[in-house]
Amino acid sequence: MVTKRNSLRLAAVAALGALFLGTAGTAMAAAPAATDPDPVAATAPVASASVSAGITAKPSVTSVQAWQLFRVTGTTTGLEAGSTVTLQQKQHGTWVTLPASVHTTRNGSYSLGVKLGIKGLNELRIVSGNTASPVFTVTVR
């Protein structure tokens, strides 16, 4: 349940994130851009015509200070080159789309700069359409 106080906090963090969002290839990921009731099943990869789609995701660190830049890198299979991959965070049992996305390269790889501001253990995943990476965690101190 999101309280009014938490909503105000998230709005303030989103405003600060938008202020600092300017570095190409880097996205602030502290507040939700939109709440998503989980359009992507946790088991994710959905098969396309003949090739199964899939996404891998590996954070450069497992623990960071609040607002410290780190990278999430990975590859996609079965997605078109230039597809958008987006970071999602699990908040109160719901996957929330964060304002952190990047396009894949011709060979399907991506590298996404991320800064998180919500302290504690953050469950994250990368999604594109109906395809999601396995969940990974980053602790914010």
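Helices and strands here are DSSP runs, numbered from the N terminus, with at least four residues for a helix and at least two for a strand. With that in hand, let's work through this predicted model.

**Exercise 1. Locate H92 and W67, and describe their backbone and exposure.**

Solution. Start with H92, which sits in the loop between β7 (84–91) and β8 (94–103). Its phi is near 55 degrees, a positive value in a residue other than glycine. Now turn to W67, in the loop between β5 (63–64) and β6 (70–77). Phi of W67 is also positive, near 70 degrees. Both values deserve a second look because most residues other than glycine have a negative phi.

For exposure, recall that exposed means over 50% relative accessible area and buried means under 20%, with partly exposed in between. H92 has a relative accessible area of 64%, so H92 is exposed. W67 counts as partly exposed because its relative accessibility is 33%.

**Exercise 2. Summarise the architecture of the chain.**

Solution. Begin by counting elements: the chain has 1 helix and 12 strands. Then read along the sequence, where the helix precedes the strands. Next, consider contacts with a separation of 6 or more: 63% of them join residues 24 or more positions apart. Finish with burial and surface. Of the 141 residues, 36% are buried, and the accessible surface comes to about 7,700 Å², of which 58% belongs to carbon and sulfur atoms.

**Exercise 3. Work out which strands pair with β6, and how its two faces differ.**

Solution. Take the partners one by one. Strand β3 (residues 54–55) pairs with β6 in the antiparallel sense over 2 bridges, and G54 has T77 as its bridge partner. Strand β4 (residues 58–59) is likewise antiparallel to β6, over 2 bridges; here P59 stands opposite V72. β9 runs antiparallel to β6 and is joined to it by 6 bridges, with L112 as the bridge partner of V72.

Now sort the side chains. In a regular strand they alternate between the two faces of the sheet. In β6, F70, V72, G74 and T76 form the covered face, while R71, T73, T75 and T77 form the uncovered one.

**Exercise 4. Describe the largest nonpolar core and the surroundings of I126.**

Solution. First, the core: it has 19 residues, and L87, L116 and I126 have the most contacts inside it. Elements giving two or more residues include β6, β9 (109–115) and β10 (120–128), while β8 gives the most, with 4 residues. Next, look around I126. Leaving out residues up to four places away in sequence, I126 touches several residues, among them V72, L87, L112 and F136.

How values were computed. Residues numbered from 1 in each chain as written. Predicted model: local features only at pLDDT ≥ 70, side-chain atom pairs only at ≥ 80, totals over all residues. Heavy atoms only, no water. Buried < 20%, exposed > 50% of the residue type's maximum accessible area, 1.4 Å probe, protein only. Contact = heavy atoms within 4.5 Å. Areas by Shrake-Rupley, 256 points an atom, 1.4 Å probe, with all protein chains shown as cover. Core = buried A, V, L, I, M, F, W, Y, C linked by side-chain atoms within 4.5 Å. Pairing = 2+ DSSP bridges.
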